Amino acid sequence: MAGTVDFTREDVEAALGRSPWRRRESFVDEIDPESMADTAATYARAAAEAGEAGELAEAATRAGEDAARLDGEAVVDGAERIDATARGLQGNGADLDRVTGLLVRAMNRALDAVDEVNALVVGPTGLDAYFTEQLEGARREFAETPPLEAGAFGDDALPAPGAGGALSRPALIRLRHLTAVVDRAGETAREMGEAITQYRRRLAEYGAELGDLDYDVTDGPLGLWTTSGMAGFAADEVSRELASGSPDPAALRRHTETLAAIGLQLYDPLTGRPLSGARLDAGQLAYLEGFYARLDARELAALGALAGGPLALDPARGAPLADALARVADGIVMLTDPAVGGGRDRLPAGALAFLGVNDDPELPPRDTGGLGRERFEDFGRLMDAATHPPAADLDRELRTQRTVVALWASHEAGDAGVEVRAEREAALRSAFAEMDPGARASFWSAHRAALTDAGLLSAPPDRRYDEGAGAYDVAEPLVRDYALQTELEAGGTVAEALGYEDAAGLLDHYLDGSGSPLDVDVDSMLQDSAVVGRAVDTAVSAKREEWAREATEAFRESGGRPVAFPVRTGTRGFEFDDADWRLAMGHAELDVAGVVTVEPGPTGRPEARLDYQVNVWDRYNWDDGKVAKIGWLTFDNADIGRLHSTGLAQDYDVRGRSTVRRTPLSVDAHE
């Protein structure tokens with residue numbers, strides 16, 4: 001007879017798409033029950049022998065030296081047990097007995113979990129027994145069933161269900177019994193997953209209790225809390241909390257306990273700085289990489305979003321939430337910190353999605369990967385929660401991203417109100433000023449136009465304005481006010497006819513009563529008025545010496561690499577000499593804001609330049625005690641200002657900025 005009814009574990013695994021056998025083997029290897037049983041017994045005997053907390057380390061050592069032997073060797077080495085037990089339990093005082101009890105319970109729970117998992121596969125009614133039963137049943141059925149007579153489908157064959165050929169009798173028998181095993185294997189896998197999850201959940205609870213007692217779970221018996229399985233479980237539980245829509249801060253704290261314990265091995269809890277000689281070991285590194293491999297960019301951002309949400313303000317829930325966020329942020333710092341054995345190449349993919357920048361000026365500052373600006377801001381909030389300072393590379397990238405996000409927000413402001421735009425411009429200036437000088441030079445070179453369009457070099461937010469005519473629309477207009485309004489409208493026409501186009505435009509805007517800010521052309525102003533140009537030159541000249549000194553120092557500190565830093569002259573007032581602008585504004589304020597870039601020249605010596613923008617502003621109003629002459633028309637300023645008080649006109653802010661200009665900055669004298 002042709003064909004066979006046999007099948008293998010590999011056939012079951014291929015049909016099921018996963019392997020309960022391999023999962024069992026992996027879990028048993030993780031727990032190491034043979035060593036665990038001896039270690040649990042050691043801790044239990046130590047707790048019984050110790051008369052007080054301080055004796056526990058010696059008692060555990062003695063119990064370990066007397067423990068059962070494997071292959072003639074002691075399971076617990078005396079010297080190592082003293083070291084591990086004393087280090088793990090140091091400083092707990094009266095809580096030492098409780099710590100020991102929790103450790104023993106954790107180990108026993110691990111052994112119980114192994115027993116449950118083993119029973120599902122190798123127990124008397126487990127998967128292995130069922131597999132053997134079905135395989136033998138298939139063989140008996142094939143041996144006991146007489147072959148079919150030859151027919152339309154050939155010897156020993158039956159028509160297949162549906163169209164398309166036939167299945168042999170052995171194939172049908174095999175398929176039926178294989179399907180039964182696959183179904184049972186799927187059920188076993190589900191039950192095994194539940195058993196392991198229950199174990200991990202209980203172990204996480206023990207870990208949280210031990211953490212509250214200042215016990216370092218990374219020194220726990222056989223590394224129970226730092227296995228790759230626990231790393232994946234902890235991250236999955238964090239994800240589950242986030243997906244619930246109402247995450248429990250206590251649960252987030254519980255499932256980040258091991259992150260905190262690893263951090264305590266590496267960093268001084270008071271200063272946050274790396275401990276001398278402390279390095280990530282292979283187990284800690286594997287745990288961190290396993291944890292962050294399970295959290296994607298949106299989940300990291302979702303954690304950061306909690307920092308600015310109502311949970312953070314809840315008196316009872318804010319503290320555990322802050323702990324959890326700090327631990328997740330600190331874990332990223334640990335992975336990327338060369339001082340403790342990390343590196344930039346270990347940056348998790350979820351975090352990497354928020355870092356990096358385009359240096360091509362034809363492209364946006366970064367590719368967003370479908371993540372909105374709010375997600376980038378949320379990731380920034382998460383990293384702001386870190387208690388360990390990031391290493392230089394990560395710190396530089398985080399600072400650059402704050403500028404990217406601030407630039408993004410400024411461009412999105414669009415037609416938002418003046419206050420919103422001013423707030424976002426201020427955030428952009430602050431982020432740009434905090435960048436690494438080298439990263440800032442590269443970013444400025446690539447995205448100068450975008451930065452200036454977004455208001456990086458705009459006028460300072462604390463600019464001063466004259467009070468003008470006081471409160472708006474507080475007096476009833478008189479007949480003479482209406483008459484003056486008509487005369488001024490005619491005066492605007494006269495001013496325009498005389499070539500005073502700027503004065504006419506500003507007067508018309510005053511008379512339309514909107515009170516909205518008006519932008520003026522500062523490039524035209526610089527061309528028309530020599531006074532403005534001299535004011536700019538004076539402002540820059542007053543700062544050249546200081547900027548040259550800063551440029552030289554920054555270049556030296558960078559090791560001769562390009563650097564850039566923002567500068568500002570401060571505010572100075574001036575009176576216009578040009579007739580048009582004098583009639584339009586009379587007096588105004590200006591400042592010069594720019595970026596100094598220093599880079600090596602052809603000979604390697606530093607060369608510096610200033611890219612700058614001139615900002616001009618004033619409050620359009622009419623001061624008492626003066627008169628305005630427009631051609632043959634003369635007006636009293638107080639009368640014109642009264643129109644603001646009556647609501648027939650309204651004062652407003654005048655502002656403007658020049659295009660970006662460039663001038664060399666000598667640094668030779670300061671080398």
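# A guided tour of the predicted model

Begin by selecting residues 67-93, where pLDDT (the predictor's confidence in each residue, from 0 to 100) stays under 50. For this stretch the model has 37 contacts beyond four places in sequence, a contact being heavy atoms within 4.5 Å. Next select residues 149-158, where pLDDT again stays under 50 and the model has 17 contacts beyond four places in sequence. Where pLDDT is low, the predicted coordinates should not be read in detail. Over the chain, pLDDT averages 85, and 84% of the residues score at least 70.

This is a predicted model, in which local features need pLDDT of at least 70 and side-chain atom pairs count only at pLDDT 80 or more, while totals for chains, interfaces and linings use all residues. Residues are numbered from 1 along each chain as its sequence is written, and side-chain values use heavy atoms, with hydrogens and water left out.

**First stop: two packed helices**

Select residues 373-384, helix α17, together with residues 392-413, helix α18. Helices (H or I, at least four residues) and strands (E, at least two) are DSSP runs, numbered from the N terminus. The two helices pack at an angle of about 145°, and their axes are 10 Å apart. Axes here are lines fitted to C-alpha atoms, for helices over the stretch in contact, and angles run from 0 to 180 degrees between N-to-C directions.

Now display the side chains of the contact. On α17, the participants include Phe-376, Phe-379 and Met-383; on α18, they include Leu-398, Val-405 and Trp-408. The residues of this contact divide into eight nonpolar, one polar and five charged. In this grouping Ala, Val, Leu, Ile, Met, Phe, Trp, Tyr, Cys and Pro count as nonpolar, Asp, Glu, Lys and Arg as charged, and the others, Gly among them, as polar.

**Second stop: salt bridges**

Side chains of opposite charge can pair when their charged atoms come close. With a salt bridge defined as a side-chain nitrogen of Lys or Arg within 4 Å of a carboxyl oxygen of Asp or Glu, the count comes to 38.

Select Arg-174 and Asp-11, whose side chains meet in a salt bridge at 3.0 Å, N to O. This pair links distant parts of the chain, with Arg-174 in helix α8 (residues 169-212) and Asp-11 in helix α1 (residues 9-16), 163 residues apart. Arg-174 has 24% relative accessibility and counts as partly exposed; buried means under 20% relative accessible area, exposed over 50%, and partly exposed in between (1.4 Å probe, protein chains only). Asp-11 is also partly exposed, at 26%.

Move along α8 to Arg-202 and Glu-205, a salt bridge whose closest N and O atoms are 2.6 Å apart. Because they are three residues apart in helix α8, about one helical turn separates them.

Then select Asp-611 and Arg-448: is Asp-611 buried or exposed? The two side chains meet in a salt bridge at 3.6 Å, N to O. Asp-611 lies in strand β9 (residues 606-620) and Arg-448 in helix α20 (residues 437-453). Asp-611 is buried, at 0% relative accessibility, whereas Arg-448 is partly exposed, at 31%. To see a network, select Arg-373, Glu-374, Glu-377 and Glu-412, which are joined by salt bridges that share partners.

**Last stop: Ser-430**

Finally, select Ser-430 in helix α19 (residues 418-433). Ser-430 is partly exposed, with a relative accessible area of 36%. Add Thr-403, 27 residues away along the chain: the C-alpha atoms of Ser-430 and Thr-403 are separated by 8.4 Å.
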